[in-house]
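This report goes through selected parts of one structure, from single residues to strands and then to a chain contact. The sequence and the model are shown first.

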Amino acid sequence: MAKVDKRIVEQSGPLKTGPMAALKEAAFAGLITFGLSIPIIAYGTRQDINNRLVLDARWDAVAWAVAIVFIGRLLVTLNAQRRAAGGGKLMRVPQSLQPVLGRLMPALAPLAIGFLFAFPVISIVFSGWQGSTKWIDNFGVQILIYVMLGWGLNIVVGLAGLLDLGYVAFYAVGAYSYALFATKVIPATYPVLGVWAFWICLPVAGILAAFWGILLGFPVLRLRGDYLAIVTLAFGEMIRLVLINWTDFSQGYAGISGIPRPSFFGIPFNANDNGFAATFGLEFTPIYRTIFLYYLILVLALLTAFVTIRLRRMPVGRAWEALREDEIACRSLGINTTTTKLTAFSLGAGFGGVAGAFFAAKQGFISPESFTFMESAVILAIVVLGGMGSLWGVAIAAVVMIGGPELMREMEFTKAIFGKDFDPTQYRMLIFGLAMVVIMIWKPRGLISTREPTAFLKQSKAVSGSHVKEGHG
Amino acid sequence: MSTQPLLKVEHLTMRFGGLVAVNDLSFDVQKGNITALIGPNGAGKTTVFNCITGFYKPTEGMMTLTHADGSHYLLERMPDFRIAAEAKVARTFQNIRLFTGMTVLENLLVAQHNVLMKASGYTIMGLLGIGGYKAASAASVEKAKYWLDKTRLTDRADDPAGDLPYGDQRRLEIARAMCTEPLLLCLDEPAAGLNPRESLELNNLLRSIRKDDGVSVLLIEHDMSVVMEISDHVVVLDYGTKISDGTPSHVQNDPKVIAAYLGVEDEEVEAVEAEVGL
C-alpha cells in the first residue's frame, strides 16, 4: 500500500510535506466547513409565546463543527504524509501475533455463526426475558433481514456486476405474495392449511419473486451500467405504485393486515391449549415467537450464504464473475450471457422474495410504505460499502448500517454531554451519512475489497480489489 | 468430403453506413493450416474476424464451417456465443480481454463453462452434490494445467490475471481460447507488443497448437517475422478488398502487396493502378 502511495505522489509532482502543508490543508477544510455550516447550523428558528419567529444564533455549534473538521483533516493529512514517507500503518499487527491471527482466520466463520446461534440466549441472560425482546427483535432479526437482502443483492450487483436500484421490488413481491396467499387464497380454498400457510408460501414467494426477476431481466438485458440502473429504479417504483393504486388487489395505502404469523412447524405461537407454550409445557410469553423468528431468519440468511458460496465455485458462479469482468470475452468463450444474466437476476430476486415473505410474516401488516426507494438504496449501500462480492463485508456493513442507527437510540449517556433535551435518535441519519463518508475515504472499494479466488492450484491468494472490475451491467 | 476446407468465406461484405469495410472477400482456411490475414492498418482485418466470430452480422456473404463429421455451420446465421460453443471457433482480441480480477486458473476454468455446465446438470445437480460434477471439475483443472504448462504460466496460476506482464497476458488469452476446445483459433495480432524472443516463443506455441492439438489457426498479424515464418497460407487485404492470396513467398513477391505496403515510385503509379484495377 505504501509503495503505491509513493508512486502516485511521485507522479503528481513535488510532494508538499511538513506540518505547515498539513495545517494549510486543514485550515482550508475548516474554511469550507465554516462556509457550509453558516446557512445550516448558524441560526436556528423557533416560535416564541406570541407565535413570532425568533432567530437563535448558534455560533458555538459552528465553532464546534469547524474545529472537528480542522482537527480531523489535520490528523488525516499528517497520517498520509507519514505513510508516504514509509512510516507504515498507524496500528501494525505485531509480528508475533501474525501466526495466531492466521490460524484464527479459518475459525472465524464457525465462531461468528456460533455467536449468532447463541445470541438470543446471551441477550436473555444479560437483559432478562422482558428486556431481551428489544435486542433479539430490533437488532437480531432486523439486521439479519438486511444481511439476507444484502447477500441476495450481492449476487446481482457484487458477482454479476449488474447495477440494480430496484431490488426492493422483489422484496415487495415476496411480502405481498405471502400476505395475499395467507389472508385470501388459503382461507378461501383450504382453510385447514392455515397453520402451515407460512411454510407453504415461503418457497412460493421466492419462486414468484424469481419469476419477476426474469420478467424484469428480459427487457433490460441489452442495457448496461447507468441505463440499467435507471430502468431497474423505475421498475421498483412501478411495483410500489401498482401496489398503491390497485386497491382491489392490494388494498392500496391501507395495506394488508392480519397476516398469519409463522407457526412452529404447525404449532401456532399463542396462549391456547394447542399453542407452542402449552404443547411444550412452558409458561406463555410472546418472546418464544421472537426467538423462533430470529432463528428462522438466521437459517434463511445462512442458506443464502451457503448457496452463494457453492455457486461461486460452480460454472454458473464463475460465469457471473466473468460477466462482471468482461462481457465480450464471455461471449467469445461460448457463454450464453443472456441466461447467465437472467439466472443472476432471478436468484437474487428469489432470495429477496423469501426475505419479503419473512418480513410480512414477522410484521403481520404490510403496506407500500415499507417498500420505498430508500430501502433499495440502503440495501445497495450495504453491498457497496461492504465490498462488492464479499459475504463478510456485506454482513459487517449490514450490522453497521442497520445496527448502528438502532444503537444510537440506546445512547442515553449522550444526554449527559449535550444536555437533557438531546435526542440521539434524531441524529442517527447524520451519523449514518458521516459513517458512509468515512468509509468512502478510508476504504473506497468497500470494507473488504479483496476477492477470494474460487479455485487454486497451490495456494489461494486473495485478489486485490484494484484488479477486480465493478461491472458495467 | 476430405477436400472441404475447414472454413469457407464467400463474398463477405460488411458495410457500416456508407463505408465499405470489407468488400466481396472470399478465402478458405484449410484444415490443419495456419492462415494469416495481413494488410495495412484499416484494411478491414479485424472486421473480418468480428464477422467470423459473430460479433458483427455481415451485410452480405456466407461463411461455412465444416466439422470432421461433415456437419456444416453457417456462421453468419449464428449468435456469437453459439459460434464459440457449437461451431468451435475461439478467438483472442487485439486489446487483450482477460478477466483481470480472476486468477489465471479461473480464467481457464471459465473457458470450460459449457462442458462444466452440462456436467453439473445445469447447476442443479452440482449444487446438490449428485452426478459427475466433481470428476468433471477435476478434469477441467487437469486441462487448465496442460495449457498452463504449454504457455509456461504454471507458476503464475494462482495470481490475478491483471497482475501478469503483457507477454504473459497474451499467452494466457491464447491458453484460455484453447480451453474451449476449438477447431479454429482466430488470433487478432498475437505478437503485438512482444519482444523478439517472445515472438519466437509464440511461433513455437502456434506450431505446437497446430501439430499436437490439431487446431487450425487464422491470425491477423503485422509482425512479418511471425507471419512469414509460420503461416502456410497468406491472405492480403487492402481497403477491404483481397489483393493477394497464396503461400508466404508468393505474397512476398506480389507487386500489389509491395505497392500496398510500401507505395510505389511516382513513374510506376499508373502502371500499378492499371494492374490493381483503379
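Is Ser390(A) buried or exposed? In this predicted model, Ser390(A) is buried, with a relative accessible area of 9%. A residue counts as buried when its relative accessible area is under 20%, so the value of 9% places Ser390(A) in that class.

**Surroundings of Ser390(A)**

Ser390(A) sits in the loop that links helix 14 (373–386) and helix 15 (391–410) of chain A. A polar atom of the Ser390(A) side chain lies 2.9 Å from the backbone nitrogen of Gly393(A). When neighbours within four places in sequence are left aside, Ser390(A) is in contact with Asn154(A) and Ile448(A). Gly158(A) is 232 residues away from Ser390(A) in sequence, yet the two C-alpha atoms are 7.6 Å apart in space.

**Surroundings of Ser244(B)**

A second serine, in chain B, can be described along similar lines. Ser244(B) belongs to strand 10 (residues 241–246) of chain B. Ser244(B) is buried, and its relative accessible area is 4%. Because buried means under 20% relative accessible area, the 4% of Ser244(B) meets that cut-off. The side chains of Ser244(B) and Asp254(B) make a polar contact at 2.7 Å. Residues up to four places away in sequence not being counted, Ser244(B) touches Val234(B), Val235(B), Val236(B), His250(B), Val251(B), Asp254(B) and Val257(B). Asp254(B) thus appears both in this list and as the partner in the polar contact.

**Strand pairs**

The table lists strand pairs from both chains, with the number of bridges and the direction in which the strands run.

| Strand pair | Bridges | Direction |
|---|---|---|
| Strand 1 (residues 43–47) and strand 2 (residues 53–57) of chain A | five bridges | antiparallel |
| Strand 1 (residues 7–16) and strand 4 (residues 60–66) of chain B | five bridges | antiparallel |
| Strand 4 and strand 5 (residues 72–74) of chain B | three bridges | antiparallel |
| Strand 6 (residues 89–91) and strand 7 of chain B | three bridges | parallel |
| Strand 7 and strand 8 (residues 216–220) of chain B | five bridges | parallel |

In chain A, Thr45(A) has Leu55(A) in strand 2 as its bridge partner. Strand 1 and strand 2 of chain A form a hairpin with five residues between the strands, and in this hairpin Asn51(A) takes a positive phi near 65°.

In chain B, strand 4 pairs with strand 1 and also with strand 5. Towards strand 1, Thr64(B) in strand 4 stands opposite Lys8(B). Towards strand 5, the bridge partner of Leu65(B) is Tyr73(B). Strand 4 and strand 5 of chain B make a hairpin with five residues between them, and Gly70(B) in its turn has a positive phi of about 90°.

Strand 7 of chain B pairs with strand 6 and with strand 8. Ala90(B) stands opposite Leu185(B) in strand 7, while Leu184(B) stands opposite Ser216(B) in strand 8. Why is strand 7 of chain B described as largely enclosed by the rest of the structure? Five of the five residues of strand 7 (residues 184–188) are buried, so the strand is largely enclosed. Leu184(B), Cys186(B) and Asp188(B) point one way from the strand, and Leu185(B) and Leu187(B) point the other way.

**Contact between chain A and chain B**

How many residues does each chain give to the contact? Chain A gives 34 residues and chain B gives 42 residues. The two chains bury about 3,400 Å² between them, with 64% of that on carbon and sulfur atoms. Of the area that chain A buries against chain B, Leu333(A), Leu457(A) and His467(A) supply 21%, more than any other three residues.

Three salt bridges are found across the interface of chain A and chain B. Arg451(A) forms a salt bridge with Glu106(B), and the closest N and O atoms are 2.8 Å apart. Twelve residue pairs are in polar contact across this interface. On the side of chain A that touches chain B, the elements that give two or more residues are helix 10 (287–312), helix 11 (315–325) and helix 12 (327–332) of chain A. Helix 11 provides the largest share of that side, seven residues. By class, the side of chain A that touches chain B holds 17 nonpolar, six polar and eleven charged residues.

Technical notes: Residues are numbered from 1 along each chain as its sequence is written. Chains are lettered from A and ligands numbered from 1 in the order in which they are written. This is a predicted model: local features need pLDDT of at least 70, side-chain atom pairs count only at pLDDT 80 or more; totals for chains, interfaces and linings use all residues. Side-chain values use heavy atoms; hydrogens and water are left out. Contact means heavy atoms within 4.5 Å. Buried area is the accessible area (1.4 Å probe) that two parts lose on being put together, summed over both. A salt bridge is a side-chain nitrogen of Lys or Arg within 4 Å of a carboxyl oxygen of Asp or Glu. A polar contact is a pair of N or O atoms within 3.5 Å; within protein, one must be able to donate a hydrogen and the other to accept it, and residues adjacent in sequence count only if both atoms are side-chain atoms. Helices (H or I, at least four residues) and strands (E, at least two) are DSSP runs, numbered from the N terminus. Ala, Val, Leu, Ile, Met, Phe, Trp, Tyr, Cys and Pro count as nonpolar, Asp, Glu, Lys and Arg as charged, and the others, Gly among them, as polar. Buried means under 20% relative accessible area, exposed over 50%, partly exposed in between (1.4 Å probe, protein chains only). Two strands pair if DSSP finds at least two bridges between them.
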